[in-house]
Amino acid sequence: MSMNKRSKRKLLVIMVVMGVALATVLGLTAFEENMMYFYSPTEVNNGTAPDTRTIRVGGLVVEGTVERATESLLVKFDLTDGAEVVKLEYSGILPDLFREGQGIVAMGKLNDKRVFVANEVLAKHDENYMPPEVADALEAAEQEK
Amino acid sequence: MIPEIGLFALIIAFGIAIVQGVVPLVGAARNDATMISLARPAAWAQLLFVSIAYAALTHAFVVHDFSVLYVSRHSNLVQPLMYRISGVWGSHEGSMLLWALILSIWTTAVAIYSRGLPAALMARVLAVMGLISVGFYAFMLWTSNPFERIFPAPADGNALNPLLQDPGLAFHPPMLYMGYVGFSVAFAFAVAALLGGKLDATWARWSRPWTTVAWSFLTFGIALGSWWAYNELGWGGWWFWDPVENASFMPWLVGTALIHSLASTEKRGVFKSWTVLLAILAFSMSLLGTFIVRSGVLVSVHAFATDPSRGVFILIFLCIVIGSSLALYAWRSGSVVSTGRFTWFSRETALLLNNVILLTATTAVFVGTMYPLVVDALGIGKISVGRPYFDTMFALVSMPLILLLGIGPAMRWKSDNSQRIIKSLAIIFAASLSVGIMLPFVIDGVFNIATGLGLAGALWIAITTLQSLYHRIKTSSRLPLSFLGMILAHLGMAMFVAGVTMVMTYHQEKDVRLEPGATYELSGYEFKFIGVKNVDGPNYTAQEGHLEVRDQGEKIADLYPQKRAYSGMGSPMPMTEASVDTNMVRDLYAAMGEQLGDTAWSLRLYYKPMISWIWLGCLFMTVGGVLAVSDRRYRQKRS
């Protein structure tokens, strides 16, 4: 009886360890799949950025490039880090603080024409605020010059 | 003059906190009654002075004293009184002051309600809390002085971030802080017990109600934040796995593990050192949350411009607190012996598994939140972790947790018979599983296993919980409030699971372009866009849309979403104000996008089935926690 109990307890411990191990494996897989790297427009244009994965791209919205379709929600604009420009498309409603000259971060994929198709556009809710990645990207582009 | 009084009061509070943190500790070590007796009056004095400081800052907001830099940045002449008062904690400096005030309130509450405690233990608890206060005062005085003057004073101030001008958000930070800081009590008890070398079940009994209260505040605070984000951000979501949300969720998960582990320690004398470790961990998570939110290392809606010295300060503080308490734990916990014995099939085991699962969940959130920060800090790259990671992880850990939630409360302490449990739960299990799996088919004619499992889980929790209530009523004449609290909290969990499952499967979100007079059908509801007119608020102007919603031709709701522009020093700040028609079955939600062409607008239209169950579930958990601490046995023990 006591042997039985001990083996049951052992079984429980083994099950817990296996459960946690399984959760870790699945977790790491999900983590790997959903990890998104950030790239600057320079990195997109020089080919550093992958064109198969979902990535994040950030920069300033170039003044005078925002084009809105009148019959749909499609918006096109250019994004720059001061050195390079990436064309971006987004279909949907932009955040309140989206405007020309503003720093934004977009999430999406590059299509075969090297246009970045965003499925989410983020602008920070403080007009003096610059997303840190964008600030770094601008600075890096500045130093390259 | 008054801001200087505030600053002066803050400095005095800092001094008192040092005394409160050092003298009683030395006294307890030397068994010096005079030094020990200093703890309580010090706690009171600290509360007095930090309150004066807090009142001084509030006064500066109310009377528009723009010579105070913080006020001039976060308030202006047209800001309504309510948002001038809540503006105090609207940004960094003031929210740190609020944190210190709340910590002092908790400290004083311990001083009042724990009169039955042995004097030395009490002195140590108050001293540990005093030391935490010291850290926060030093942080404010050296890096974030809320009373800093600006010369010359501007004629008008900037505005409070319009996001924060909402009643839901006004109360979100104080509730959250009550929770965060409340875990400092359990932490202080744990450290005091380790210092004194006496870790018995009494320790658990003393810290349990405090932990439950803190947990209730935290639950409520998080729910309030989620509800606010849903109504205010105009994205229609209720949880975004934003790092700041995660920062509040990690202490919640550990806190939940802690209240369950405390139950085992108090009732059965088991898991003593584990519980102590959890108490340390829960507060460490609160501090980590503060670090994440306040250091400016984050990319998030909540992250405002900050200066790096603050991050460094908090990081060092974090290392000191967590490092020293863990070192103390490693040194002292070896002597702790758990007295209770239990077999593998018992409620103790169930509660242990609960802890394992909750900590696995915490680890998942921790990795997803901290990994990007570490990678960035090391300069390897800039990454972020997408929502699907967190969703997958939680779907994964919630299944065993839900299963356990039905079994655990039905089990007896110490040892139970597996046959008995299987006999009493098998029918419920089979019934909730089959009904749950069938439900998606009933709803829309399509089988959906994941949804079915979610709904089955909700039913399983609800029915087993009600069964244990029924069983208790049948077998016992007394129905203690603590038991009712547990029942209510678990029912809240069932509602939460049901709500989340329904929203995730059946929600409909659509960004559409509509001309006035045009309609759009979403999930059987017809949204008709009537038009837009201008509306003026106290400190904003708005374009207000009007939509009529019809169900089978019958009008059931009018929605008036707004696009506001808040006035401030610079250009007006835009802000979306969604309009929601809520009932228990579904929410109909509309938010304004932007004007397209002459008359057309882009609009977000959402259909969210049973989303209110999510927050209602959290409310049940909160009330459950409050009921549990109202139990007679705590009141008797404390007075």
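Which domains does the domain assignment of chain B give? In this predicted model, the assignment divides chain B into domain 1 (1-165), domain 2 (175-385), domain 3 (417-506 + 614-618) and domain 4 (508-610). Domain 3 is thus written as two segments, 417-506 and 614-618. Taken over C-alpha atoms, the centres of domain 1 and domain 3 of chain B are separated by 44 Å. For chain A the assignment gives domain 1 (1-35) and domain 2 (38-144). The C-alpha centres of these two domains of chain A lie 43 Å apart.

A helix pair in chain B comes next. Helix α6(B), residues 92-113, and helix α8(B), residues 167-196, have axes that come within 9 Å and cross at roughly 50 degrees. Angles under 35 degrees would count as roughly parallel and those from 65 to 115 as roughly perpendicular, so α6(B) is oblique to α8(B). The crossing of α6(B) past α8(B) is right-handed. On the α6(B) side the contact is made by B:S95, B:L98, B:W99, B:I102, B:L103, B:W106 and B:V110. These residues meet B:P173, B:P174, B:Y177, B:M178, B:V181, B:G182, B:S184 and B:V185 in α8(B). Sorted by class, the contact of α6(B) with α8(B) holds 12 nonpolar residues, three polar ones and no charged ones.

Further along chain B there is a sheet. Strands of a sheet pair through backbone hydrogen bonds, either parallel or antiparallel. Here four strands of chain B form an open sheet in the order β2-β11-β10-β9, with antiparallel pairing. Strands β2 (508-514) and β9 (579-582) of chain B are at the edges, and each has a single partner strand, so one side of each is left without a neighbour in the sheet. From one strand to the next the twist averages 15 degrees. The partner of the edge strand β9(B) is strand β10(B), residues 586-596, and four bridges join the two in the antiparallel sense. Within this pairing, B:S579 is opposite B:A590 in β10(B).

Chain A has strand pairings of both kinds. Strand β5(A), residues 85-91, pairs with strand β7(A), residues 116-122, in the parallel sense over three bridges. A:L88 has A:F116 in β7(A) as its bridge partner. Strand β6(A), residues 103-110, pairs with β7(A) in the antiparallel sense over six bridges. In that pairing A:V105 is matched with A:L122 of β7(A). Strands β6(A) and β7(A) make a hairpin with five residues between the strands, where A:R114 takes a positive phi near 60 degrees.

It remains to see how the two chains meet. In the interface, 34 residues of chain A are in contact with 41 residues of chain B. On the chain A side, α1 (2-34), β1 (35-39) and α3 (132-144) each supply at least two residues. The largest share, 13 residues, comes from α1(A). By class, the residues of chain A that touch chain B divide into 17 nonpolar, eight polar and nine charged.

Which strand of chain B is joined to β1(A)? Three bridges link β1(A) to strand β1(B), residues 383-385, and the two strands run antiparallel. A:Y37 of chain A stands opposite B:I383 in β1(B). Strand pairing therefore also occurs between the chains, given that two strands pair if at least two bridges are found between them.

Note on methods: Residues numbered from 1 in each chain as written. Chains lettered and ligands numbered in written order. Predicted model: local features only at pLDDT ≥ 70, side-chain atom pairs only at ≥ 80, totals over all residues. Axes fitted to C-alpha atoms, helices over the stretch in contact; angles between N-to-C directions. Parallel < 35°, antiparallel > 145°, perpendicular 65-115°, else oblique. Left-handed = near helix turned anticlockwise from the far one by under 90°. Contact = placed C-beta atoms within 7 Å. Nonpolar A, V, L, I, M, F, W, Y, C, P; charged D, E, K, R; others polar. Domains from an automatic or database assignment.
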